Amino acid sequence: MPINDFLALARHQLAADVRALPQRLSPEGRVAARLDRCLNVADMRRLARRRLPRAVFDFVDGAAGDEVTARRNIEDFDRLTLRPTAMTGASAPALTTTVLDQPVAMPIFAAPTGLTGLVHHEGELGIARAMHEAGTIYVLSAMASYAIEEVVAGTDGTSWLQIYLWRDRGLVRELIARARERGFGALVLTVDVPVAGARERDRRNGFGIPPRLTLRSLGEGLLRPAWSSGFVRRPRMTIANAAGRGGGPQSAVGLAEYINGQFDPAMSWRDLAWLREAWDGPIVVKGLLTAVDAAAAVRAGADAVCVSNHGGRQLDLVPSSIAALPEVVDAVGGEAEVYLDGGVRRGWHVAAALALGARACLVGRPLVYGLACAGERGAAHALHLLTEELRATLVLLGCADLGELAGRYAQPISLLRSENPRTKRGSADESASDA
Ligand SMILES: Cc1cc2nc3c(=O)[nH]c(=O)nc-3n(C[C@H](O)[C@H](O)[C@H](O)COP(=O)(O)O)c2cc1C
């Protein structure tokens with residue numbers, strides 16, 4: 001290229017950059033640039049790690065024990081095989097579906113995440129607004145830092161309420177009454193927390209409610225002024241829906257100590273029957289991994305089940321959610337809707353889960369990482385990335401809608417470790433016949 005052309009091009013580029021500078025340096029422009037650099041959920045996780053104090057990032061990112069199940073949740077998606085069909089003419093797939101008869105714009109909704117206000121002062125409200133804006137469902141955690149009434153007043157869309165079985169059934173009854181009064185679309189009963197999981201990162205960091213101020217946390221806060229200013233000016237660090245009940249959330253007890261003191265470790269399917277009497281709307285049971293449990297949940301009155309291991313945060317070494325999904329779908333798929341959460345980090349993970357029989361996926365950490373990056377806008381960006389990946393996946397698979405995914409595309413390999421084709425003798429034949 002002659003030097004004059006090169007200089008003219010450089011001058012042109014520089015002038016455009018200078019003109020765009022005020023916009024790029026504005027608070028709005030800085031957020032947009034920050035999010036533009038996040039091309040996927042993994043980028044958002046890296047950015048969240050930089051922006052949050054370690055104890056807060058670890059609370060979100062961490063899991064139980066050696067975190068094997070948390071890793072499996074993600075890695076087992078990599079073991080699936082999608083099978084495209086060419087030349088179907090499906091160029092603009094429909095992502096709409098219904099969950100429990102409620103229409104949603106995409107088969108992705110927010111998993112309940114407690115104490116989200118520690119991550120960003122917008123907390124649950126930020127994620128709920130992002131979900132509703134996109135036309136999908138927000139599941140508010142019983143352990144949220146925003147109260148039921150605040151979320152309803154500050155958002156405009158469908159929310160479901162997740163509950164635990166507190167020993168104090170009066171509190172559970174009260175939550176149900178508040179959910180009914182505020183028009184929540186479903187109750188989600190989480191059944192995998194009879195006691196707290198062994199989350200060693202939290203223990204090592206001395207994580208508590210509210211967080212303890214130590215020299216280290218002070219130093220970390222100073223190094224992260226964006227997080228600290230929100231946290232100090234608009235603190236959100238108690239379990240808002242149980243405030244004043246049970247004493248725990250108001251004091252600096254560890255999260256595990258709170259759970260072990262407050263939740264009923266002796267819960268059984270009889271309690272679901274009790275809940276069925278107390279709540280006349282749909283009930284989702286979250287935290288099942290086996291056909292036996294899914295069948296018991298449906299017998300006791302569940303309208304839907306969510307295959308979940310709590311993001312690996314409860315019992316380590318249990319199967320990944322995607323590995324457990326097929327047996328649950330086989331057991332109850334004809335009678336109840338089946339959802340999946342755990343390890344969904346890509347739109348094609350959602351496609352694979354739907355191909356294996358899930359009706360929808362819930363996502364936990366991806367939205368919380370997004371919240372850490374830029375509040376509501378960050379959560380919206382995380383959902384947008386997953387949704388656009390899902391849309392592109394459907395086009396590439398040749399599916400015109402989500403219904404066409406069912407059973408057609410995920411190669412039915414078993415995800416049980418003992419049957420890993422790389423380690424099991426004689427498995428070459430098995431995988432050949434699968435193909
Ligand atoms: C920070 C955080 C808080 C959570 N709090 C709750 C909760 O209060 N209730 C609940 O049922 N599950 C809770 N979960 C589990 C999620 O609902 C979901 O099962 C899990 O995050 C899914 O895995 P993923 O993070 O890989 O998407 C929480 C998860 C995280 C990461």
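Trainee: How do the residues of the shell around the ligand divide by class?

Mentor: This is a predicted model, in which local features need pLDDT of at least 70 and side-chain atom pairs count only at pLDDT 80 or more, while totals for chains, interfaces and linings use all residues. Residues are numbered from 1 along each chain as its sequence is written. Ala, Val, Leu, Ile, Met, Phe, Trp, Tyr, Cys and Pro count as nonpolar, Asp, Glu, Lys and Arg as charged, and the others, Gly among them, as polar. On that split, the shell has seven nonpolar, 12 polar and three charged residues.

Trainee: And which residues are the closest to the ligand?

Mentor: A residue counts as near if its C-beta atom, placed from the backbone, lies within 6 Å of the molecule. That picks out 22 residues around the ligand, and the closest are Ala111, Gly114, Gly311, Gly364 and Arg365.

Trainee: Over to the helices: is α6 roughly parallel or roughly antiparallel to α17?

Mentor: Helices are DSSP runs (H or I, at least four residues) numbered from the N terminus, and axes are lines fitted to C-alpha atoms over the stretch in contact, with angles from 0 to 180 degrees between N-to-C directions. α6 (residues 123–134) and α17 pack at about 10°, axes 8 Å apart. Under 35 degrees counts as roughly parallel, over 145 as roughly antiparallel, 65 to 115 as roughly perpendicular and the rest as oblique. So α6 against α17 is roughly parallel.

Trainee: Which class does the angle between α16 and α17 fall into?

Mentor: Helix α16 (residues 347–355) meets α17 (residues 365–397) at about 60°, with axes 7 Å apart. That angle makes the pair oblique.

Trainee: Which residues of α16 make that contact?

Mentor: Contact means C-beta atoms, placed from the backbone, within 7 Å. On the α17 side, the partners include Leu386, Leu390 and Leu397. By class, the contact has eight nonpolar, three polar and two charged residues. From α16 come Gly347, Trp348, Val350 and Ala351.

Trainee: Which residues of α2 meet α17?

Mentor: α2 (residues 27–36) packs on α17 at about 45°, axes 11 Å apart. On α17, the residues met are Cys373, Ala374, Arg377, Gly378 and His381. From α2 they are Val31, Arg34 and Leu35.

Trainee: Over which residues is the pLDDT below 50?

Mentor: pLDDT is the predictor's confidence in each residue, from 0 to 100, and the protein averages 90, with 91% of the residues scoring at least 70. Where pLDDT is low, the predicted coordinates should not be read in detail. The stretch below 50 is residues 418–435.

Notes: Helix = DSSP H or I, 4+ residues; strand = E, 2+ residues; numbered from the N terminus. Contact = placed C-beta atoms within 7 Å.
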